[in-house]
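Here's a short tour for anyone meeting this protein for the first time. Have a look at the model, then read on.

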Amino acid sequence: MADGIQWWGFSPGRSLAVPGCDIESLNILLVGSSDLRMVLQTLSDLQARNDAPASAAIQPAEIQFHIAESNLELVARQLLLLTVVMDQTDDISVQERTSLFLELFGNALVRPQTQIYLNETSKRLVRMVTDDDYLKECLPMVNLSSLRFRERDGLEALFKSWKSTVKFDIASHWEERVRRHLAARYDARHGVFDWDYNMKLLDMTSGISWPEYRDWRDTGVAFQLRDSAPYSEPNRSLSSCAQTTRPTGERQPVTSYWGDIVTGPFLAFNKRHLLQPEKKDRDTSSRDPQKAGNETMQVLSNIIESLRGPTPPQPSGLSSVHEEDE
């Protein structure tokens, strides 16, 4: 057995800024949120209120997000995804930026060009965590002063492990996890997947099609947004090290994929999440086999476009803290 890691949240991204809140400064503490869905949704919502005609809503002049995670790998991933969205030093289009975000966020396998982006960005992230001036140039809203030196060293090591020269056979790791999870039911896995989809997942959201859920359970690829591009490269940002127990009882660290293999990354940015039961569409046909992917692409594209507008709302601070388990 090994300790797992929660790469994505299982609740929808919501705005945490209350409309009409008559305060000058807003401090938001996020503990164990796993990803940036709350941060991005809050900033996007504030931008939408600012853009509304004749808006009389009172907005806080300063917003500070304080993010605490128990796994340093989650902090590394949040810095990566924030770079995809907010980096001021590149000229990537909104559509490509959204595709990059979704692939790195929820796919075990990514396109070759996404792997090239991850490889180059990992080098820049190494420099960001070791050079505060460079961090301010690329992500001026981020403050890593709460991290200790050994945690910065840990982030540097993680970013270096994302390079394309580092071997990480996530396809094999994924299959091994599924086999261990299902045990004797593995040969009938599609029947198990179908039961989980109809009896469990559809009770939470109708925004996921059966083909994309089945494919994700099989391969770890949740968002197949480019039909012509092969998803063939491992997403090294989903690698983590966990303590496993040998048959002898000895504990040893093993690098593998230790994340979710049952629910999927579909819920965090899915606009149909947690609908009222009477409003749910339980049509499981494949008329739109990429329902979650297309809808999530639209939601995220709108968020990213608003955050990269002429005058995007900037948090005055976004600090990360790594809380080690005692």
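## Starting with one arginine

Is Arg127 buried, partly exposed or exposed? This is a predicted model, and in it Arg127 counts as partly exposed, because its relative accessibility is 43%, which sits between the 20% and 50% cut-offs. You'll find Arg127 in helix H4. Its C-alpha atom is 8.3 Å from that of Glu156, even though 29 residues separate the two along the chain.

## Two helices side by side

Glu156 also turns up where two helices touch. Helix H4 covers residues 112-130 and helix H6 covers residues 149-160; their axes come within 8 Å and cross at roughly 170 degrees. That angle makes H4 roughly antiparallel to H6, because anything over 145 degrees counts that way.

Who does the touching? On the H4 side, it's Ser122, Leu125, Val126, Val129 and Thr130. H6 brings Arg152, Leu155, Glu156, Phe159 and Lys160. Sort the residues of this contact by class and you get five nonpolar, two polar and three charged.

## An arginine tucked away

Now for another arginine, Arg37, which belongs to helix H1 (residues 37-51). Arg37 is buried, because its relative accessible area is 6% and the cut-off for buried is under 20%.

What does the side chain of Arg37 make a polar contact with? The partner is the side chain of Ser11, at 2.8 Å. Leaving aside residues up to four places away in sequence, Arg37 touches Gly9, Phe10, Ser11, Pro12 and Gly13, plus Ala268 and Phe269 from much further along the chain.

## Helix H9 and its neighbours

Helix H9 runs over residues 210-219, and its buried residues are Trp210, Pro211, Glu212, Tyr213, Trp216 and Arg217. Those buried residues pack against helix H3 (94-106), helix H7 (170-182), helix H8 (189-199) and helix H10 (291-307). After H9 comes Gly220, with a positive phi near 85 degrees.

## The whole protein

Let's step back. The protein has ten helices and eight strands. It is 326 residues in total, and 51% of them count as buried.

Take the contacts between residues at least 6 apart in sequence: 80% of these join residues at least 24 apart. As for the outside, the accessible surface is about 15,300 Å², and carbon and sulfur atoms account for 50% of it.

Notes: Residues are numbered from 1 along each chain as its sequence is written. This is a predicted model: local features need pLDDT of at least 70, side-chain atom pairs count only at pLDDT 80 or more; totals for chains, interfaces and linings use all residues. Side-chain values use heavy atoms; hydrogens and water are left out. Helices (H or I, at least four residues) and strands (E, at least two) are DSSP runs, numbered from the N terminus. Buried means under 20% relative accessible area, exposed over 50%, partly exposed in between (1.4 Å probe, protein chains only). Contact means heavy atoms within 4.5 Å. Accessible areas come from the Shrake-Rupley method with a 1.4 Å probe; for residues, only the protein chains shown count as cover. Axes are lines fitted to C-alpha atoms, for helices over the stretch in contact, and angles run from 0 to 180 degrees between N-to-C directions. Angles under 35 degrees count as roughly parallel, over 145 as roughly antiparallel, 65 to 115 as roughly perpendicular and the rest as oblique. Ala, Val, Leu, Ile, Met, Phe, Trp, Tyr, Cys and Pro count as nonpolar, Asp, Glu, Lys and Arg as charged, and the others, Gly among them, as polar. A polar contact is a pair of N or O atoms within 3.5 Å; within protein, one must be able to donate a hydrogen and the other to accept it, and residues adjacent in sequence count only if both atoms are side-chain atoms.
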